[in-house]
Amino acid sequence: MEIVVSGIRSTGCLHLGNYFGAVQNFLKMQEDSNYHCFFFIADFHSLTTHPKPDDFRKNTNEVLVDYLACGLNPEKVVLYAQSDIPEIPELYLLLNMLAYKGELERVASFKDKVRKNEENVNAGLLTYPVLMAADILIHRAHKVPVGKDQVQHLEMARNFGNRFNHLYGNDFFPEPYPFTFTGTPITVPGLDGSGKMGKSDGNGIYLRDEPEVIRKKVMKAVTDSGPTVPNSEKPDAIKNIFQLLTLVSDASTVAHFEEAYNNCNIRYGDLKKQLAEDIILFNAPIKERIDGIIRDTDYQQMVLKLGAEKSRASASATLKEVRKIIGIE
Ligand code: TRP
């Protein structure tokens with residue numbers, strides 16, 4: 001049996017990028033008895049950029065409700081909030097002694113955050129990969145279902161684990177590797193013609209967006225004046241729209257618009273209308289479950305409590321060993 005850990009930073013409800021990236025992998029892995037899965041809400045991580053008390057609870061709950069509405073089953077996987085597990089910050093503290101300032105400064109996501117948050121380059125941003133390593137190593141995980149953008153963080157988690165093993169002369173921590181159950185990681189594009197769908201980029205379609213909101217967002221998606229040469233290569237913005245269509249529409253719809261594109265008689269207005277309606281249809285059952293679970297705060301509390309208990313049982317066993325190895329007793 002392999003141990004699996006993954007989480008999503010809780011900066012608000014989930015979008016289609018989260019769904020087709022992380023959550024689909026979670027759903028498949030939860031059905032496979034080879035895996036013992038720990039899936040969590042990375043709410044401590046959200047404090048690096050979202051420190052307000054009102055945001056904290058709200059964002060954690062939004063991710064929880066969306067996870068459950070997507071079909072994550074708290075009977076099959078351990079589903080919990082990071083901040084309910086005090087063993088994680090303690091391991092984070094201990095791993096910080098093994099993390100070098102230089103290597104942390106070279107992490108791509110840190111450099112990116114520094115560029116975007118010049119006025120608040122806090123040490124939490126710098127040590128983000130250490131906290132993430134603690135999330136993973138606390139359960140001595142083997143596999144971490146994440147997208148390409150997390151590969152460097154995983155490499156750091158292996159480095160810290162290996163350094164610990166080497167320093168104390170053991171092989172206590174296994175090496176955690178990125179993993180996608182579905183083969184190649186899917187990157188879901190945004191609607192602004194740029195790269196990936198992201199919460200901070202304002203280009204996302206959320207699972208709980210109202211149909212009218214989805215229509216508005218999709219109709220605003222960046223396009224161009226259309227192809228003039230048959231069978232020409234699509235520019236990125238158009239590729240993105242087609243990629244979204246492939247995720248939510250059936251094959252004949254995609255084929256219809258591909259053909260229209262290749263024959264240079266595509267009408268982007270029709271393409272977008274179709275895309276919007278198919279996203280609305282795709283979201284509908286999830287949104288319906290969200291609307292039900294949102295009201296059931298007792299159920300939400302129960303799930304978090306059960307998850308915290310199971311997660312802490314595993315986390316405290318690891319931490320106890322770590323303390324013993326370091327000589328803290
Ligand atoms: N850094 C991840 C992200 O931004 C979230 C995350 C935090 C995570 N801790 C983790 C993912 C541990 C996998 C395992 O999406």
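Start by selecting the ligand and Asp135: in this predicted model, a nitrogen atom of the ligand is 2.7 Å from an N or O atom in the side chain of Asp135. Keep the ligand on screen and add Tyr128, where an N or O atom of the side chain is 2.8 Å from a nitrogen atom of the ligand. Then add Gln150, whose side chain has an N or O atom 2.9 Å from a ligand nitrogen. How much of the ligand's accessible area does the protein cover? On its own the ligand has 360 Å² of accessible area, and the protein covers 88% of it.

Now select the rest of the shell. Besides Tyr128, Asp135 and Gln150, the residues around the ligand include Ser6, Gly7, Phe40, Ala42 and His45. Met132, Ile136, Val144 and Val146 also belong to the shell. Colour by element of structure next: β1, β2 and α8 each give two or more residues to the shell. Which of the elements gives the most? That is α8, with four residues.

Select α8, residues 128-137. Ten of its ten residues are buried. Walk along the helix from Tyr128 through Pro129, Val130, Leu131 and Met132, and each is buried. The same holds for Ala133, Ala134, Asp135, Ile136 and Leu137.

Step past the end of α8 to His139, in the loop between α8 and β4 (143-145). Is His139 buried or exposed? His139 counts as buried because its relative accessibility is 4%, and the cut-off for buried is under 20%. Show its surroundings: apart from residues up to four places away in sequence, His139 touches Ile3, Val5, Phe38 and Tyr80. Its other contacts of this kind are Ser311, Ser314, Ala315 and Thr318.

Turn to strand β1, residues 2-9. Six of its eight residues are buried, so the strand is mostly covered. Add strand β2, residues 35-42, which runs parallel to β1 and is joined to it by eight bridges. To see one of the pairs, select Gly7 and its bridge partner in β2, Phe40. Between the two strands the chain passes through helix α1 (residues 16-30), and this β-α-β crossover is right-handed.

Stay on β2. Seven of its eight residues are buried, so β2 is largely enclosed by the rest of the structure. Bring in strand β3 (residues 78-81), which is parallel to β2 and joined to it by four bridges. Select Ile41 to find another pair: its bridge partner in β3 is Ala81.

Next, go to Asn240 in helix α11, residues 236-248. Asn240 is buried, with a relative accessible area of 10%. Which residues does Asn240 contact, leaving aside neighbours within four places in sequence? Select Pro189, Gly190, Gly193 and Ser194 to see them.

The last stop is Gly202, in the loop between β5 (177-179) and α10 (211-219). Gly202 counts as exposed because its relative accessibility is 70%, and exposed means over 50%. Select Asn96 as well and draw a line between the C-alpha atoms: Gly202 and Asn96 are 33 Å apart in space. Along the sequence, Gly202 and Asn96 are 106 residues apart.

How values were computed
Residues are numbered from 1 along each chain as its sequence is written. This is a predicted model: local features need pLDDT of at least 70, side-chain atom pairs count only at pLDDT 80 or more; totals for chains, interfaces and linings use all residues. Side-chain values use heavy atoms; hydrogens and water are left out. Buried means under 20% relative accessible area, exposed over 50%, partly exposed in between (1.4 Å probe, protein chains only). Contact means heavy atoms within 4.5 Å. Two strands pair if DSSP finds at least two bridges between them. A crossover is right-handed if, with the strands pointing away from the viewer, the path from the first strand over the helix to the second runs clockwise. A residue is near a molecule or strand if one of its heavy atoms lies within 4 Å of it. A polar contact is a pair of N or O atoms within 3.5 Å; within protein, one must be able to donate a hydrogen and the other to accept it, and residues adjacent in sequence count only if both atoms are side-chain atoms. Accessible areas come from the Shrake-Rupley method with a 1.4 Å probe; for residues, only the protein chains shown count as cover.
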